[in-house]
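Student: Could you take me through one part of this protein at close range, namely the run of helices that pack against one another, and then place that part in the rest of the chain? I would like the contacts residue by residue, please.

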Amino acid sequence: LKRGATACLVAPWRPAAQLRRRWRASEREALCPDSMLPTMLGSRRTGFDMAPSPLKGCAMQQVGPSDARALEVGAKLETTRLTTLRGGESLLSDHLRSLPPGTALTLLELPAATADAGRQLLRARVAVGDGQGWVSLATSAGVPLVRRRGLEVGREHVTRSRMLLRADESLASEILVELEAGNTIVLLELGARSDGRARILAMGRVGWVTLVTSSGQVLIGPGPGDPDGTPTTAAGTWRLSGASEAPSIPTSDADDEGAAPAEDAAAAEEAAWKDAAREAALYALRDTLHEASVHTAASAAPTVPTLRRELRLLEGALQKAQAAEVSSEDLAPAEQRIEALRREVRVRERLSVTLSSRDVVQLRKALAAAERIGMPEVQLKRHRAVLAEEMAWQGIRERLARAAAPPAGTCCDLNELRAAMMAAREVSLPEAEIAAHKEVLRTAEARAQAEAALICALKSRNVEELRRAVEQGKARDADHVLIARAEGVLVLEAPKQRMREELRSFQDGADSATLEAALEKARTLGIEACEDGYQHAAELLAQERRRKKAMEEVAAALEEASAVDFDDLDALKEAKAALQDASKCARAAGVAEVALRQLEQRRRRIHNAVEDLKGSVRVFCRMRPLSERELNLGDTAVTSQVDGMTVRVEANGLVPNFSFDAVFMPGTQEEVFDECRDLVQSCLDGYNVTMFAYGQTGAGKTFTMYGVPGGEGTAPRTINELYSLIDRDAERFEHTVFASMMELYRNELVDLLVPKSQRRMGTGSGTPPGRSGTSSGTPALTEKKLSIFTDPKTQAVQIEGLTEERCTDAGALSELLTRGNRQRSVAATAMNKESSRSHLLLMIRVVRVNRSTQQQSQGKMLLCDLAGSERLKKSEVSGDMQKEAIEINRSLTALGDVIEALTSRKPHIPYKNHKLTQVMQDSLGGTSKTLMFVNCSPASSNADETLNALKYASRAKSITNDVKRTRSKAKTCGALESPM
């Protein structure tokens with residue numbers, strides 16, 4: 001440094017000569033980048049800042065406590081660190097804003113002199129832009145926070161010595177001009193390699209110059225009139241106005257390259273450097289110690305990272321102080337503080353580790369160590385709470401461990417384990433620890449359940465329970481003794497269980513030999529007779545024996561009945577009673593209906609023979625199924641079949657039984673016809689036969705009598721059966737068949753074989769015109785009215801004027817039936833979409849001549865489909881249909897009166913009250929074999945109508961006819977074909 005120059009010591013480092021050599025070498029060889037130069041000059045932790053280049057370090061002088069007195073109002077400054085701008089001089093005044101490094105300041109006011117000289121030197125009021133406030137010029141440790149502004153690009157400067165202007169930044173470039181001291185230059189650009197180079201404008205030329213020598217001498221200074229400084233020496237060096245003189249170190253005015261300093265100057269320089277370095281290091285150490293103490297006092301609970309950071313700073317400052325050979329007395333406070341920090345760090349780390357591990361012993365030791373170093377109790381509060389909690393948890397853990405792992409040979413106490421887990425939850429033991437004991441508890445509970453299941457299975461001795469219990473016991477490690485006992489019982493009970501299942505599997509009808517063998521095996525296995533399976537099989541065996549005995553009685557009764565004389569009424573009655581008793585016993589013994597079918601057929605045949613001999617009317621009851629409409633309306637069935645001849649009705653709180661000659665629920669068309677097939681033979685034999693269907697509308701009368709395609713009724717089947725019998729007897733007899741068909745519509749007879757086109761409308765009152773075969777219109781009447789009379793010889797009813805056609809085969813008679821049906825009156829009502837609005841009568845006359853004897857017999861068959869009785873409220877009819885309904889009900893009432901008179905054996909029978917009863921006179925109480933179908937609805941909504949119909953039919957069954965056979969001698973063929 002030049003004599004008289006003012007400088008700021010930044011760091012203890014090396015002798016000046018060595019420092020100069022390093023700077024020069026780095027500048028010349030460009031081996032050291034600019035970023036390393038601050039390291040050469042010192043770090044921030046020395047207590048002072050230095051700009052990052054020799055140029056800025058020398059030209060931008062820093063202002064420390066010793067330089068504050070040299071400042072004057074109006075001085076231009078800039079910040080070197082982040083500085084706080086406050087509203088007043090006090091550090092407690094309002095914070096205005098923070099000033100980053102490099103902020104330009106203008107000094108406005110220095111504080112007044114006070115007792116605290118140091119404080120006076122550290123405060124100043126400055127202007128910043130358009131605002132102002134107070135800033136600190138340096139820290140309490142002497143670290144400068146501001147510096148004077150120096151060289152600026154674009155400003156005029158003055159050369160202080162001879163300089164060379166070169167073409168570019170390199171020292172090897174061409175020299176443009178040589179500048180003398182005192183020349184005015186304008187700084188255009190600082191060099192990229194180093195701030196020691198700059199591009200300038202001088203003497204009308206632009207080029208590069210060296211601003212700083214290798215020894216650090218600045219070769220330029222402020223221009224004329226610059227208030228920032230004034231030249232002080234001939235060499236052109238400058239300093240702050242009024243600054244105290246720095247120690248004089250003699251140097252050469254010329255460049256010191258190649259000049260060897262004197263021995264005494266080097267020694268003095270070295271001593272000065274060492275003293276300065278020692279003082280700076282001690283000052284920095286104390287500053288660091290002070291900052292650490294202040295920070296520790298301000299922090300209620302400093303963290304380990306904070307303590308470690310302070311420890312590193314103190315250790316670094318201590319190392320530098322030791323390197324600067326600071327005395328041990330001055331180092332003692334720092335060493336003591338470092339040792340205290342190390343102990344506190346160790347204790348806090350130990351506390352942190354033990355707090356995480358929650359080890360009781362280590363927690364106690366860590367707390368004892370913390371107490372020894374005098375840690376505040378408030379900082380140990382959490383650790384003591386954890387220690388207390390962990391001690392409580394430790395007792396719970398031991399209790400859980402004892403409950404979960406009992407001594408060998410003992411079982412886990414579930415109640416104790418549950419109580420221990422409850423206590424663990426009360427003290428908030430972590431769920432992770434409780435979870436393991438939960439699994440132990442679940443395992444113990446499962447084992448206890450398995451053992452309980454084993455005990456129950458041993459008591460019940462149920463095979464399935466034993467198997468499940470053994471499987472569960474093995475899976476859950478239950479008591480091996482219990483498992484062994486259960487397996488032993490299972491070996492004994494498994495065969496018994498299989499035998500029990502076999503006994504229970506026997507169904508009704510099992511073979512008696514098989515049952516006897518199974519029961520014998522069961523007794524051998526030790527199955528008791530009181531067990532359900534054994535009793536079931538024994539009952540089946542007893543029932544099978546009863547059934548077998550009953551079937552033997554049935555076979556004997558059938559054998560006796562097969563030889564009965566059908567002309568002997570008493571013999572028939574005895575056979576009927578024997579068959580009825582056998583049937584009753586067989587049903588009581590549980591014999592299936594299929595096995596009794598032959599007996600029932602024989603019984604009905606004998607019954608019908610008895611009825612025929614007595615002349616009684618046969619009555620068949622047929623119950624149709626519930627219709628879709630009735631199901632949708634929620635109707636239920638109120639009828640049930642008791643046996644093949646009895647039906648039961650649940651109506652109005654009563655459950656009466658009605659017995660008839662046959663009951664069908666509903667039965668098939670074939671089954672129904674099989675019961676009346678013998679009547680066709682009676683017709684061929686010369687008897688008058690009547691079959692008619694009675695019942696409310698929609699009960700199935702027309703379906704029973706005529707059926708539907710694929711399900712033909714009684715009339716079509718009668719036709720087929722008739723011609724089948726004729727073909728069978730064709731070699732012995734000659735048969736001639738005549739047929740006629742009519743309807744009784746509103747008390748008028750209508751010939752259905754006369755085409756509508758050939759009919760002429762009548763003129764009688766009450767005969768509406770426009771009749772249609774499929775509507776409710778009133779039919780037109782034929783020109784000649786039909787009349788009813790009774791043959792005085794045969795008492796047979798005949799219809800005068802009725803068309804009668806000869807039918808040579810079944811096809812012709814079926815065609816006639818179809819033709820007549822097409823002209824019948826039907827209409828839709830609320831109860832039946834095809835309700836019959838008239839009584840339909842098909843009459844078949846058969847003339848039979850024996851080819852050998854020429855004996856002639858004549859039989860007649862009347863098939864009558866009565867219109868259904870109906871309630872006007874239910875059928876919802878009106879107009880002509882209402883009149884039809886009234887007439888239908890009137891005709892059926894007349895029929896009921898006849899039946900009532902016949903059953904009451906009144907002297908007068910009112911046949912002439914209605915044309916219907918006149919037509920059926922020989923069928924009810926006359927000479928015919930009569931079969932009545934009573935058709936009923938099972939619906940609960942029709943219960944009253946069904947009950948009335950069954951009562952009506954029961955009365956009709958008590959009617960007795962005087963059945964006679966018609967025989968005569970045929971003279972000519974014409975007599976056979978004459979109309980009735």
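Tutor: Happy to; here is a walk through the helix packing, followed by some loops and the chain as a whole.

Please keep in mind that this is a predicted model. Let's begin with helix α6, which spans residues 304–323, and its partner α7. Their axes come within 10 Å and cross at roughly 155°. An angle over 145 degrees counts as roughly antiparallel, and α6 is therefore roughly antiparallel to α7. The crossing of this pair is left-handed.

On the α6 side, the contact is made by Val-304, Leu-307, Arg-308, Glu-310, Leu-311, Leu-314, Glu-315, Leu-318, Ala-321 and Gln-322. Facing them from α7 are Leu-331, Ala-334, Glu-335, Arg-337, Ile-338, Leu-341, Arg-342, Glu-344, Val-345, Arg-348 and Glu-349. Sorted by class, the residues in this contact of α6 with α7 are eleven nonpolar, one polar and nine charged.

Now follow α7, residues 328–357, to its other partner here, helix α8, which covers residues 360–372. The axes of α7 and α8 come within 9 Å, with a crossing angle of roughly 155°. That angle makes α7 roughly antiparallel to α8. Here too the handedness can be stated: α7 passes α8 in a left-handed crossing.

From α7, the residues that meet α8 are Val-347, Arg-350, Leu-351, Thr-354 and Leu-355. Their counterparts in α8 are Gln-362, Leu-363, Lys-365, Ala-366, Leu-367, Ala-369 and Ala-370. By class, this contact of α7 with α8 holds eight nonpolar, two polar and two charged residues.

For another packing angle, turn to helix α25 (residues 880–903) and helix α27 (residues 943–957). Their axes are 9 Å apart, and the packing angle is about 45°. An angle between 35 and 65 degrees falls in the oblique class, and α25 and α27 are therefore oblique to each other. The crossing of α25 over α27 is left-handed. Leu-892, Leu-895, Gly-896, Ile-899, Glu-900 and Thr-903 come from α25, and they meet Tyr-952, Arg-955 and Ala-956 of α27. That contact of α25 with α27 comprises five nonpolar, two polar and two charged residues.

A single side chain gives a further view of a helix. Val-489 sits in helix α13, residues 480–505. Because its relative accessible area is 12%, Val-489 counts as buried. Setting aside residues up to four places away in sequence, Val-489 touches Leu-458, Arg-461 and Leu-466. Of these contacts, Leu-466 is 23 residues from Val-489 in sequence, with 8.1 Å between the two C-alpha atoms.

Next come the loops, starting with two prolines. Pro-625 is in the loop between β18 (618–623) and α18 (628–632). With 52% relative accessibility, Pro-625 counts as exposed. Leaving out neighbours within four places in sequence, Pro-625 is in contact with Pro-666 and Pro-938. Pro-666 itself lies in the loop between β22 (662–664) and α19 (669–676). The peptide bond leading from Met-665 into Pro-666 is cis, with omega near -5°. Met-665 and Pro-625 are 40 residues apart along the chain, and their C-alpha atoms are separated by 7.6 Å.

If you check backbone torsions, two residues deserve a look. Arg-746 has a positive phi of about 50° although it is not a glycine, and this residue lies in the loop between β26 (733–745) and β27 (748–751). Its relative accessibility is 21%, so Arg-746 counts as partly exposed. Gln-854, also not a glycine, has a positive phi of about 60°. Gln-854 belongs to the loop between β33 (839–850) and β34 (855–865), and at 37% relative accessibility Gln-854 counts as partly exposed.

Finally, the wider setting. The secondary structure of the chain comes to 28 helices and 36 strands. Of the 980 residues in the chain, 45% are buried. The chain exposes about 48,700 Å², and carbon and sulfur atoms supply 52% of that area. Taking contacts between residues at least 6 apart in sequence, 65% join residues at least 24 apart.

Terms used. Residues are numbered from 1 along each chain as its sequence is written. This is a predicted model: local features need pLDDT of at least 70, side-chain atom pairs count only at pLDDT 80 or more; totals for chains, interfaces and linings use all residues. Side-chain values use heavy atoms; hydrogens and water are left out. Axes are lines fitted to C-alpha atoms, for helices over the stretch in contact, and angles run from 0 to 180 degrees between N-to-C directions. Helices (H or I, at least four residues) and strands (E, at least two) are DSSP runs, numbered from the N terminus. Angles under 35 degrees count as roughly parallel, over 145 as roughly antiparallel, 65 to 115 as roughly perpendicular and the rest as oblique. A crossing is left-handed if the near helix is turned anticlockwise from the far one by less than a right angle, and right-handed if clockwise. Contact means heavy atoms within 4.5 Å. Ala, Val, Leu, Ile, Met, Phe, Trp, Tyr, Cys and Pro count as nonpolar, Asp, Glu, Lys and Arg as charged, and the others, Gly among them, as polar. Buried means under 20% relative accessible area, exposed over 50%, partly exposed in between (1.4 Å probe, protein chains only). Accessible areas come from the Shrake-Rupley method with a 1.4 Å probe; for residues, only the protein chains shown count as cover.
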